[in-house]
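Trainee: I would like a close look at a single part of this model. Please take one region and work outward from there.

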Amino acid sequence: MYSLMPTPASKSFRINSSTGEISTTEALDYEASHSHLLIVQAQDQGVPQSRRTAVQVSINVTDVNDNAPIFFETQPNLNNVESHLFCRTFNTTDFIVIRVQDFTQANTVIGRVASFDKDDDVNAKIFYRIEGNGSNVFSITSHTGEIRTNRQLKRDEKPVYNLTVIAENSLASPKLSSNMTVQVIVYDVSDQIPQFTASKYQAKVAESVAVGTPVIKINVTNRVQEATSNFVFKILYEQSSAGSRKFVIEPETGLITTQGELDRETTSNYTLIVEAKVLNTVLVHSLLSSVVRVFINISDVDDNYPHFLQRSYRFTSSELSRVGDVIGQVRAVDVDNDNKSEVFLRDC
């Protein structure tokens with residue numbers, strides 16, 4: 001009599017207790033497990049005591065092409081691409097957007113798609129092709145997924161192309177494929193230039209504020225992108241006024257805060273040069289960036305004691321002096337501004 005000893009694989013198989021024929025109890029998946037190990041026991045009907053023995057049985061699963069390619073996230077060529085939007089994985093309804101400069105030359109790589117196949121060997125070899133609108137304007141390298149231009153792109157001729165990229169395991173049988181839409185948008189560089197919401201910015205902050213205090217938020221937009229989050233900000237300290245490193249700007253939000261203690265009596269105002277640049281681009285600096293001046297005035301706080309101009313005074317008066325005669329003058333000053341610097345003397 002034959003039986004299967006308990007193993008991780010035994011639930012997927014059964015054995016005929018009389019003939020020893022082994023069969024499956026469920027579908028086998030090559031991608032889940034390439035092989036299964038069973039332990040078969042044979043037991044006689046001996047009297048008064050039965051005897052048994054066991055043997056290992058190894059079952060190898062062969063691969064069949066039962067999985068279509070799956071697109072997954074990859075990176076664009078940022079030399080020519082302004083932004084590239086991806087999902088983690090794709091199905092036939094997903095898409096990516098590639099923004100390409102106007103007048104991009106022929107034979108320029110603008111991006112790359114990538115996919116994988118859960119099958120093995122020849123069943124996992126993937127080849128790419130382009131179909132649909134613009135398939136004559138763009139081409140794709142069949143084994144790498146690189147998308148390139150076949151001719152110069154001109155926005156006034158056609159601003160948007162919708163490409164259907166097919167990933168297929170062409171050498172397998174049966175052939176399986178997946179497709180994804182790639183939208184190529186040809187944009188005018190001038191449309192991307194950041195535009196500040198003001199020609200200059202002015203702010204006022206007290207000299208007594210703590211480090212990290214918000215001062216002013218810089219906002220920017222352009223003709224095709226309206227959210228500030230599409231830009232990155234920085235202070236050009238080398239072009240700003242002396243002491244400007246007492247301020248810092250958050251790169252993603254444009255919020256300027258203090259990062260050092262302020263003293264109006266030392267510096268009463270600062271001029272910062274703030275740059276906004278389109279995010280995710282390595283294009284020429286001057287094309288996709290703008291600068292603006294930010295003027296920050298430091299308001300006074302009464303944080304200084306009056307002090308006399310001399311450490312001590314000595315006057316001489318005649319005993320013949322009359323009441324009200326001036327016998328001398330003391331002077332004290334306060335470096336604070338406005339009314340805070342007025343000094344009043346009184347007898348102690």
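How many bridges pair strand β11 with strand β14, and in which sense, parallel or antiparallel?

Mentor: This is a predicted model. Strand β11 (residues 127-131) and strand β14 (residues 160-168) pair over 5 bridges, in the antiparallel sense. Look for isoleucine 130: valine 165 in β14 stands opposite.

Now follow β14 to another partner. Strand β15 (residues 177-187) is joined to β14 by 9 bridges, and the two run antiparallel. Here isoleucine 166 of β14 faces asparagine 179 in β15. In general, strands of a sheet pair through backbone hydrogen bonds, parallel or antiparallel.

Next, the side chains around β14. The model holds 5 aromatic pairs by the ring-centre rule. One of them involves phenylalanine 138 and tyrosine 161: the ring centres lie 5.1 Å apart and the planes meet at 80°, so the pair is edge-to-face. The cut-off for that label is over 60 degrees. The two rings come from distant parts of the chain. Phenylalanine 138 belongs to strand β12, tyrosine 161 to strand β14, and 23 residues separate them. Both rings belong to buried residues. Phenylalanine 138 has a relative accessible area of 1%. Tyrosine 161 has 3% relative accessibility. Buried means under 20%, so phenylalanine 138 and tyrosine 161 each qualify.

There is a second edge-to-face pair to check, phenylalanine 196 with tyrosine 201. The centres are 6.5 Å apart, with 75° between the planes. Phenylalanine 196 is buried at 15% relative accessibility. Tyrosine 201 is buried too, at 7%.

Back to tyrosine 161. Its ring also has a charge over it: the charged end of lysine 158 sits 5.6 Å from the ring centre.

Phenylalanine 138 leads on to another sheet, through strand β12. That sheet is open, has 3 strands and runs in the order β9-β13-β12, with antiparallel pairing. β9 (109-112) and β12 (138-140) stand at the edges. Each has a single partner strand, so one side of each has no neighbour in the sheet. On average, neighbouring strands here are turned by 25° against each other, direction ignored. β9 pairs with strand β13 (residues 146-149) over 3 bridges, in the antiparallel sense. Within that pairing, valine 109 stands opposite arginine 148 in β13.

For comparison, try strand β23 (residues 269-278). The strand is mostly covered, with 7 of its 10 residues buried. Strand β20 (residues 231-235) is joined to β23 by 5 bridges and runs antiparallel to it. There, phenylalanine 233 has alanine 276 as its bridge partner. Strand β24 (residues 289-299) pairs with β23 over 9 bridges, also antiparallel. Valine 274 stands opposite valine 292 in β24.

One polar residue deserves a stop. Glutamine 41 lies in strand β4 (residues 35-43). This glutamine 41 is buried, at 11% relative accessible area. Beyond its neighbours within four places in sequence, glutamine 41 contacts Met1, Tyr2, Ser3, Met5, Arg52, Thr53 and Ala54.

Finally, the whole chain. The protein chain has 1 helix and 26 strands. Of its 348 residues, 36% count as buried. Among contacts with a separation of 6 or more, 62% link residues 24 or more positions apart. The accessible surface comes to about 20900 Å², and 48% of that belongs to carbon and sulfur atoms.

How values were computed: Residues are numbered from 1 along each chain as its sequence is written. This is a predicted model: local features need pLDDT of at least 70, side-chain atom pairs count only at pLDDT 80 or more; totals for chains, interfaces and linings use all residues. Side-chain values use heavy atoms; hydrogens and water are left out. Buried means under 20% relative accessible area, exposed over 50%, partly exposed in between (1.4 Å probe, protein chains only). Helices (H or I, at least four residues) and strands (E, at least two) are DSSP runs, numbered from the N terminus. Two strands pair if DSSP finds at least two bridges between them. Axes are lines fitted to C-alpha atoms, for helices over the stretch in contact, and angles run from 0 to 180 degrees between N-to-C directions. Contact means heavy atoms within 4.5 Å. Accessible areas come from the Shrake-Rupley method with a 1.4 Å probe; for residues, only the protein chains shown count as cover. Rings of Phe, Tyr and Trp (its six-membered ring) pair if their centres lie within 6.5 Å; planes under 30 degrees apart count as stacked, over 60 as edge-to-face and the rest as tilted. A charge sits over a ring if NZ of Lys or CZ of Arg is within 6 Å of the ring centre and within 35 degrees of the ring normal.
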